[in-house]
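Reader: Please take a close look at one loop residue with an unusual backbone angle, then work outward from there. Keep it brisk.

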Amino acid sequence: PPASSPLGSGSPAMPPVSPLTSPAKPPASSPMVSPAKPAAASSSPCCSPLPAAASPAKVSYEGTPFEVFARKMEAAGLGEFAIRAFKNNYDILVSGESCMTPEETLDPVDHLPTLESITGGAVDATLLQKTACVKLNGGLGTGMGLEKAKSLLKVKDGLTFLDFIALQTRHLRQKHNCNIKFSLMNSFATSDDTKAQLSKYPEFASDPDLEFLQNKVPKVDATTLLPAEWPSAPHQEWCPPGHGDLYAALAGSGVLDSLLQQGFKYLFVSNSDNLGATLDLDILTYFAQCEAPFLMEVADRTAADKKGGHLARRKSDGKLVLREAAQCPKEDEAAFQDITKHKFFNTNNLWVRLDALKEKLEASGGLIPLPMIKNSKTVDPRDKKSPKVFQLETAMGAGIENFDGARALVVPRTRFAPVKTCSDLLNLRSDAYAVTEDFRLVLAGGRTTPPTLSLDDSHYKMVDQLEAAFGVDAAPSLIDCKSLKIEGQVQLNSTGAAFRGNVHIKSIDGLYNMQSRTYNNESITVPSLE
C-alpha cells in the first residue's frame, strides 16, 4: 500500500496517575478530552501506582492572542504539555512562517543500513524486559465509512486488527517467557470499543496499563484565527492533533515518567492497522547497541508511494528530516515524487530511547518542536458551507530531527502493510498475504510488493460497498495478480474467482455479475463496445 501521511493530558497540578491507565472520560460534549485520573490499586506486580509526571511550570497567556485557546483547552481538561504543543503550532500559523520545506534545502539520503544487514548476529532477549510497545489506535476510519475504531475491522480468518495485535503480543510473551509491556494510545472515540473487543483476552482486559488517551486541539477559524465556534455541534470545534501528539500524550498522562521509574529504556511505536509491525528482536538489539536516541524504520519507495512523505537530510545541519506532501512547494512536486532521488519513506514504525525523550522535553520547555502541517477544512466536515477552519497537525516521525544521532533503518515490505483504503483491505483479505506463525501478515508466494489495485471510488470507497461486491471472508485470489482495475459496479456471486497478471474490468451500464473463474491478463468492458 502507498505510504501514509499524518495523526497529554493532565493539568499543571496533576493527581497521581496509575502507570498507563486511562484518564477519566470527559463530558459527552467533549469527545476526545483526556484529563488525568487518580491512581487505582494495580493488580500487576510490576506496576504499582507511581507519582504523576511533573508538568512544566504553568505559563500565563493572559493578554496574549493565545489566551482564548489556552482557556478553552484548560476548560476541556487538557494539560500544560498539550497546550504548549498546540501553542507551538499556533505561533507558526500566526507568524506567517512558511510550513513548506523547499527541495533546495534538502539532500537525498542515498545509503542506509538494512534489516538484512543487521540480521544473523546474536540477539539480546533480555532487552525485552526494558522495552514498551505502543500501538496508535485513535483512528475511526471515517474515510472508509466506519463509525468505530478501524482496528475492529475484520482482516483475515474472521480476526480483527486488534485480535492480531493481541495474538502477536501473546506469542512474543510466550516465546520469550517475558511479560512484554503493551499499551494502546486510544482516543475517546475508540477507547470503549477497543476494551470491549479485547475482553476475550483476559491477560489484556485485566491489565491496568492497557491504554492512555491522545489529546484533542481546537480548530482555528481561518478568518479570525480565533477558536472556531459551532454551537449546534460543539464537538466539531475540536480535532485530533495528528500522531505527533504521541510525545505530549506520553508526558502529560504520566506514562513517560512511569515507564522510566519502572526501569524501561526503549519504546517501540507503530500504527494499529499495520500488522507487519511487530516488536522485532533483531531491530531492538541493533537499536540498543548503536545507542541512537531515535530510530525510524523506512522502506524503499515504489511508484505507489511517490505521493507519500519521504526521508531526507537537511543541508543546514545534516540532520535526518521527514518531509510530508503537505510540506512540499508546488514547484518541487516533481522532485518530491522522484523515487530514484528520494528513495525511502517512513513506515511509522519508530523506536525511541525514553531517557532521551525525557531529556529533550526538559531541554525544550516541555514540548518536542515538530513541523506544523496546516489542513484547510470546514468546521463541520459534512457541511461545506460551514466556516472555514485550519486544523493544525504534526507527524510523530518528524521527531527524528530533534534527536542528535538519530538513525534510519531500511526494512522490507513485510513490516509495512497498513490499511488506508478499501483496496488495501481487499489485498490483505486475499491470498496475496499470508498469516505467519507469530501472527504477522506478510506478502505470500515470494512477492515483494502487493498487487496494485484501483477500485472505482464511486462504488468501493466504503467498507460496506466493498463487502457487498466481494464478501467479507471470500476475497478473490490475488496472489498472481500484478494489477487489477475495476471501473463501474461489479459483484462476485460466489467464491473461486482469481485474477492473474494485469486485469481491467469496466462496467458501463449497471451491475455486472462476474463469473467465478480465472481472469488472466484480460480487459473486459460490459456491455461490449464491439
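Author: Leu-225 is partly exposed, because its relative accessible area is 25%, and the class runs from 20% to 50%. The model is predicted. Leu-225 sits in the loop between β8 (220-221) and β9 (238-239). Its phi is near 60 degrees. That is a positive value, and leucine is not glycine.

Other positive phi values make a useful trail. Take Asn-521 next. Its phi is positive too, at about 50 degrees, and Asn-521 is not a glycine either. Asn-521 belongs to the loop between β23 (518-520) and β24 (523-526). How open is this residue, buried or exposed? Asn-521 is exposed, because its relative accessible area is 52% and the class begins over 50%.

Glu-291 is another stop. Its phi is positive, near 60 degrees, and Glu-291 follows helix α9. Now look at that helix. α9 covers residues 281-290, and 9 of its 10 residues are buried, so the rest of the structure largely encloses it. The buried set starts with Leu-281, Asp-282, Ile-283 and Leu-284. It continues with Thr-285, Tyr-286, Phe-287, Ala-288 and Cys-290. At the N-terminal end of α9, Asp-280 acts as a cap. One of its side-chain oxygens lies 2.9 Å from the backbone nitrogen of Asp-282. So the cap reaches Asp-282, a residue that is itself buried. Cap at one end, positive phi after the other: Asp-280 provides the cap, and Glu-291 follows the helix.

Gly-318 continues the trail. This glycine takes a positive phi near 75 degrees. Gly-318 is in the hairpin of β12 and β13, with 5 residues between the strands. The hairpin is part of an open sheet of 3 strands, in the order β1-β12-β13, with antiparallel pairing. β1 and β13 are the edge strands, since each pairs on one side only.

Now the pairings. β1 (residues 106-107) and β12 (residues 310-314) run antiparallel and are joined by 2 bridges. In that pairing, Leu-106 has Arg-314 as its bridge partner in β12. β12 and β13 (residues 320-323) also run antiparallel, with 4 bridges. Leu-311 is partnered with Leu-322 in β13. Ala-312 stands opposite Val-321. In a regular strand, side chains alternate between the two faces of the sheet.

Next, a pair of helices. The axes of α12 (residues 422-429) and α14 (residues 463-470) come within 10 Å and cross at roughly 45 degrees. The two helices are therefore oblique to each other. Their crossing is right-handed. Which residues meet there? On the α12 side they are Cys-422, Leu-425, Leu-426 and Arg-429. On the α14 side they are Val-463, Leu-466, Glu-467 and Phe-470. The spacing has a simple background. An α-helix has 3.6 residues a turn, so residues three or four places apart point the same way.

Leave α12 and enter the loop towards β18 (433-435), where Asp-431 lies. Asp-431 counts as partly exposed, because its relative accessibility is 32%. Beyond its sequence neighbours within four places, Asp-431 is in contact with Lys-156, Ala-444, Pro-476, Ser-477, Leu-478 and Ile-479. With Ile-479 there is a polar approach as well. The backbone nitrogen of Ile-479 lies 3.0 Å from a polar atom of the Asp-431 side chain. Gly-445 is 14 residues away from Asp-431 along the chain, with 8.8 Å between their C-alpha atoms.

One more loop. Thr-449 lies between β19 (441-443) and β20 (452-455). Its relative accessibility is 35%, so Thr-449 counts as partly exposed. Setting aside residues up to four places away in sequence, Thr-449 touches Thr-302 and Leu-443. Thr-302 is 147 residues from Thr-449 in sequence. In space, their C-alpha atoms are 8.9 Å apart.

Back to the start: Leu-225 is a loop residue, with a positive phi that is near 60 degrees.

Technical notes
Residues numbered from 1 in each chain as written. Predicted model: local features only at pLDDT ≥ 70, side-chain atom pairs only at ≥ 80, totals over all residues. Heavy atoms only, no water. Buried < 20%, exposed > 50% of the residue type's maximum accessible area, 1.4 Å probe, protein only. Contact = heavy atoms within 4.5 Å. Polar contact = N/O pair within 3.5 Å; in protein donor to acceptor, adjacent residues only side chain to side chain. Pairing = 2+ DSSP bridges. Axes fitted to C-alpha atoms, helices over the stretch in contact; angles between N-to-C directions. Parallel < 35°, antiparallel > 145°, perpendicular 65-115°, else oblique. Left-handed = near helix turned anticlockwise from the far one by under 90°.
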